[in-house]
Amino acid sequence: PATTLRREPVTITVTGAAGQIGYALLFRVAAGAMFGPEVPVRLRLLEVPDALRAAEGVILELEDCAFPLLAGVEVFDDANRALDGASVAVLVGARPRTAGMERSDLLAANAGIFAPQGRAINDHAAEDIRVVVVGNPANTNALIAQSHAPDVPAARFSALTRLDHNRALAQVAKRVGIDPGHVRRLSIWGNHSSTQYPDLSNVTIDGVAGHPRLADETWIRDEFIPRVAGRGAEIIEVRGRSSAASAANAIIDHVRDWAGGTAPDDWTSAALLSRGEYGVPEGIFCSFPVVSAGQDWQVVPDLELDAGARKSIAASVDEILWERQVVQARGLL
Ligand code: NAD
Ligand code: LMR
């Protein structure tokens with residue numbers, strides 16, 4: 001066979017690498033799920049000192065997979081070193097919510113982690129850095145990281161709502177009785193929390209809008225929205241721990257579509273720093289329907305939002321504004 005052209009490795013930093021999302025993510029990334037079968041990857045892991053040994057154990061297992069695409073893997077407990085030369089930063093490391101814990105508790109516990117990581121991205125990441133914040137509260141953690149990286153274009157920062165998007169796709173597919181690949185143009189608006197607004201108003205099935213099974217307002221209000229918006233809590237309750245494999249899968253989808261582009265007749269959802277789109281105040285990370293042509297995410301323009309949708313989005317935006325106020329009051333912005 002002709003010589004395969006191997007590209008330069010992509011450097012991917014994953015924080016919280018010894019945690020459960022890290023364990024579900026790293027092996028798939030090393031196997032090529034994020035950048036495809038032609039692109040080698042170099043992994044740089046960040047952990048807290050107490051978890052370094054566990055992360056080293058993960059590295060031993062990565063080695064034992066003999067992945068042809070894994071060009072190297074190192075672990076650090078110093079954000080500056082872990083993010084050195086990164087083209088992708090997946091900021092997972094945080095404390096997961098456990099049963100009965102409020103999101104406001106998470107704000108206090110996690111906000112301090114993301115300022116130094118934002119600074120490290122600013123000072124050490126590669127020119128083409130793309131950041132996805134996963135650790136909760138993801139929207140506000142993204143704002144903290146981004147606000148500490150003034151030299152990096154704000155559009156390089158995102159927070160993950162792809163898991164919510166995929167959850168909604170799955171519920172729609174179940175309702176219609178098809179597989180999720182037929183469902184397009186679904187939107188998640190707002191916060192990655194129970195206040196999010198999963199929006200079916202533009203959904204097409206095999207390219208056709210207005211499927212009768214999706215027109216039932218009672219189902220949307222009483223089943224679909226609470227099921228999607230409450231899925232994180234449902235997983236915690238049923239599984240006993242927060243989602244991990246599905247979160248890792250969503251991270252891969254998010255970065256793959258961002259770097260590789262979304263399908264021409266579809267969009268996905270991601271939380272981006274608002275520039276005032278759809279009346280969302282500037283300066284908060286809010287989930288929008290987005291497309292990518294392989295460069296920056298672009299918010300899908302000119303969608304119609306009825307009064308009910310606007311009200312739901314406004315309620316979720318209020319929660320993000322409240323979160324920003326909490327961290328501002330603690331001097332973390
Ligand atoms: P986990 O507790 O299993 O792992 C977290 C890891 O992060 C731990 O190994 C911990 O040592 C590490 N860590 C903590 N502080 C760190 C720091 N400053 N630097 C580097 N590493 C650090 O948790 P998990 O289940 O992997 O979840 C991680 C986060 O992702 C949680 O905040 C969770 O709520 C969130 N989450 C988000 C989504 C989403 O869709 N946005 C989905 C699922 C989970
Ligand atoms: C999820 O959506 O599964 C998580 O964000 C839940 C959580 O609070 O960790």
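Let me start with the pairing of strand E2 and strand E3, residues 70-76, which in this predicted model run parallel to each other and are joined over 6 bridges. Within that pairing, Leu45 stands opposite Val75 in E3. The connection between the two strands passes through helix H2, residues 52-64, and E2, H2 and E3 together make a β-α-β unit that is right-handed.

On its other pairing, E2 is joined by 6 bridges to strand E1, residues 10-15, and this pair is parallel as well. Here the position to look at is Ile12, which stands opposite Leu43 in E2. To get from E1 to E2 the chain goes through helix H1, residues 20-30, and that β-α-β crossover is again right-handed.

How many of the residues of E2 are buried? The strand covers residues 41-46, and 6 of its 6 residues are buried. In a regular strand, side chains alternate between the two faces of the sheet, and if we take E2 face by face, we find Val41, Leu43 and Leu45 on one side and Arg42, Arg44 and Leu46 on the other, with both sets buried. I would draw your attention to the two arginines, Arg42 and Arg44, which are on the side that also holds Leu46.

Now to the nonpolar core. The largest one has 92 residues, and those that touch the most other members are Ala89, Val90, Val133, Val134, Ala145 and Ile251. The element giving the most to this core is helix H4, residues 103-124, with 7 residues. Because domain 1, 10-159, and domain 2, 162-327, both contribute residues, this core lies between them. To take one of these residues in detail, Ala89 touches Thr13, Leu83, Ile121, Ala125, Ile129 and Val131, leaving out residues up to four places away in sequence.

Finally, let me turn to His192, which UniProt lists under "active site", although I should stress that the entry is unreviewed. In the model, His192 is found in the loop between strand E8, 187-189, and strand E9, 197-199. Is this histidine, His192, buried or exposed? His192 is buried, because 30 other C-beta atoms lie within 10 Å, where the cut-off for calling a residue buried is 20 or more. Setting aside neighbours within four places in sequence, the residues in contact with His192 are Ala138, Asn139, Ala159, Leu160, Thr161, Asp164, Ala271 and Ser287.

Note on methods:
Residues are numbered from 1 along each chain as its sequence is written. Chains are lettered from A and ligands numbered from 1 in the order in which they are written. This is a predicted model: local features need pLDDT of at least 70, side-chain atom pairs count only at pLDDT 80 or more; totals for chains, interfaces and linings use all residues. A residue is buried if 20 or more other C-beta atoms lie within 10 Å of its own, exposed if 12 or fewer, and partly exposed in between; C-beta atoms are placed from the backbone. Helices (H or I, at least four residues) and strands (E, at least two) are DSSP runs, numbered from the N terminus. Two strands pair if DSSP finds at least two bridges between them. A crossover is right-handed if, with the strands pointing away from the viewer, the path from the first strand over the helix to the second runs clockwise. UniProt positions are given in the numbering used here, feature names are shortened, and annotations may be inferred rather than shown by experiment. Two residues are in contact if their C-beta atoms, placed from the backbone, lie within 7 Å. A nonpolar core is a set of buried Ala, Val, Leu, Ile, Met, Phe, Trp, Tyr and Cys residues joined through C-beta atoms within 7 Å. Domain bounds come from an automatic or database domain assignment.
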